[in-house]
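Biologist: Please take one part of this protein, a sheet and what surrounds it, and describe it closely. I would like the description set within the chain as a whole.

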Amino acid sequence: MQIRRIIPQLVLTAGFLFAAEKQRVLKPGWNLFSPDQDIKMGQEYAQQIETQTQVINDPALNAYVNRIGQRLVNAIEGQKFPFTFKVVNDPSINAFALPGGPMYVHTGLIAAADNEAQIAGVLGHEMGHVMLRHGTNQASKANLIQIPAMIAGGLFDKGGMIGSLAQMGIGLGANSVLMKFSRTAETDADLFGARLVHNAGYNPVELARFFEKLEAETGKGSAMTQFFSDHPNPGNRITTIQSDMKFYKAKPYETSALTPELTQAKATIKKLPAPVKKPAAGAVQAPTGPAVSTTVPNGFKQHQNALYAIAYPGDWNAKPGQDGVSASLTAADGVVKGANGQDDIGHGILLNFVKPNSNDINTSTDELIKGITQGDPNLKPYGAAQNVKIDNYVGKLTALQGQSGMRKGEKENIYVLTVMHTKGMFYGIFVAPESRWQVAEPEYQQMMQTLRFSR
Ligand SMILES: [Zn+2]
């Protein structure tokens with residue numbers, strides 16, 4: 001008697017628990033831009049991107065990627081953005097999408113994929129960022145005040161959008177609000193991608209497998225890590241995709257084997273010439289013209305190009321960048337191996353000249369410091385930044401402290417000098433381990449005073 005009364009209740013509870021687990025609903029977040037503005041913005045950025053990257057014109061390769069892309073587009077339910085798919089000659093394993101639909105697939109991604117479903121999975125993920133409007137959502141949240149004023153002023157409708165956006169510091173450079181996504185946006189793009197490839201008949205597990213493969217390679221300093229710098233790993237992405245798949249109607253998926261078409265695409269990529277280095281967004285073209293020169297103190301040498309000159313200790317090594325603008329100047333033992341096997345500066349300076357998004361020294365310095373500290377979580381600001389004047393240009397001197405890559409367990413001091421110039425922003429990163437700072441610091445101050453810029 002009593003048992004009979006308990007059983008229905010147990011069943012009810014079980015039913016309730018099951019119903020409580022609902023599939024996450026994906027929809028675009030709050031946004032100050034209209035979908036049409038996403039499209040306009042994306043098309044303008046696409047023009048800009050295509051002058052900086054090497055888009056491939058191989059008809060077979062383009063047709064292959066477009067066939068995968070269109071299959072996904074056809075699987076989107078309801079309103080869709082006008083997606084386009086292009087292949088970029090770049091060995092890093094990456095793909096990216098601009099607001100409103102332009103999509104770019106790196107050759108490195110196709111080379112690394114085990115099957116078509118993995119390429120489709122990454123494209124689906126990127127299409128998720130576009131459909132859920134993550135870029136303009138993030139830009140809206142970061143510029144609550146300026147954007148409505150620009151929309152009200154009709155600025156975005158009259159001329160180009162990206163010029164107005166650049167004035168707010170929004171562009172496609174490193175850590176852009178449009179291209180570097182939050183972890184929540186990443187999870188939603190994963191779920192969008194998994195559902196989309198399922199609708200298109202690809203196995204969503206392959207997206208999870210591909211991320212697993214990328215994660216296994218991360219930290220080895222290979223081209224694999226590129227994807228995660230714009231798409232930070234939200235953690236548990238494989239479990240997240242698998243638990244979402246419980247809600248999918250079972251259907252037969254296309255084979256996960258390597259198809260002849262993909263084999264052919266990989267062969268085409270292998271035969272491509274190495275990509276031509278084009279200046280990255282924000283880079284300053286090396287100007288022609290006479291080199292700037294400075295007064296060289298006793299025991300010093302000078303490093304000079306058409307934009308700036310600086311004196312540095314006579315026993316240091318100079319390594320000018322191929323761009324004709326950047327350089328590293330290091331003490332004899334100042335170059336150390338970084339965690340990923342790359343060369344790092346333990347004692348020395350890195351110089352560069354960039355085109356900042358803003359002409360305001362404070363805004364552009366903040367952006368640079370943010371970029372530097374995001375690249376190394378150990379780095380922390382040290383005291384307040386100072387206003388300085390170098391060669392009659394306004395500048396800022398910001399101190400940072402981190403862990404020395406040169407002396408294990410020791411701290412490292414860093415000065416970041418930024419100077420606003422008519423042709424862009426100069427920056428110098430002056431590094432030394434704490435135990436050498438007493439000698440290095442006055443030397444760095446002296447070097448800064450020798451800086452001269454083109455007029
Ligand atoms: Zn992403």
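Modeller: In this predicted model, 63% of the contacts in the protein chain between residues at least 6 apart in sequence join residues at least 24 apart. The chain has 455 residues, of which buried residues make up 38%, and its secondary structure comprises 16 helices and 16 strands.

The part to examine is an open sheet of 3 strands, arranged in the order β1-β3-β2 with mixed pairing. At its edges stand β1 (84-88) and β2 (95-97), each of which pairs on one side only. From one strand to the next, the twist averages 20°. As a general matter, strands of a sheet pair through backbone hydrogen bonds, in either a parallel or an antiparallel sense. Here β1 and β3, the latter formed by residues 102-106, pair in the parallel sense over 5 bridges. Within this pair of strands, F85 stands opposite M103 in β3. The sheet also has a helix packed on it: α3, residues 59-75, touches both β1 and β3, and its direction makes about 140° with that of β1.

The nonpolar core is the next matter to consider. The largest such core has 62 residues, and V105, L109, A120 and L123 are those with the most contacts inside it. V105 falls within the span of β3, residues 102-106. For L109, neighbours within four places in sequence may be left aside; the residues then in contact with L109 are I93, N94, A95, I119 and V122. One of these, A95, belongs to the edge strand β2 (95-97). A second core, separate from that one, has 35 residues and includes F353, L368, M447 and L451.

A position outside the sheet offers a further view of the chain. Q23 is located in the loop that runs between α1 (2-20) and α2 (35-52). Its C-beta atom has 12 others within 10 Å, and Q23 therefore counts as exposed, since 12 or fewer is the cut-off for that class. Apart from neighbours within four places in sequence, Q23 is in contact with D244 and F247. Q23 and F247 are 224 residues apart along the chain, yet their C-alpha atoms are separated by 6.9 Å.

Definitions and conventions:
Residues are numbered from 1 along each chain as its sequence is written. This is a predicted model: local features need pLDDT of at least 70, side-chain atom pairs count only at pLDDT 80 or more; totals for chains, interfaces and linings use all residues. A nonpolar core is a set of buried Ala, Val, Leu, Ile, Met, Phe, Trp, Tyr and Cys residues joined through C-beta atoms within 7 Å. A residue is buried if 20 or more other C-beta atoms lie within 10 Å of its own, exposed if 12 or fewer, and partly exposed in between; C-beta atoms are placed from the backbone. Two residues are in contact if their C-beta atoms, placed from the backbone, lie within 7 Å. Helices (H or I, at least four residues) and strands (E, at least two) are DSSP runs, numbered from the N terminus. Two strands pair if DSSP finds at least two bridges between them. Axes are lines fitted to C-alpha atoms, for helices over the stretch in contact, and angles run from 0 to 180 degrees between N-to-C directions.
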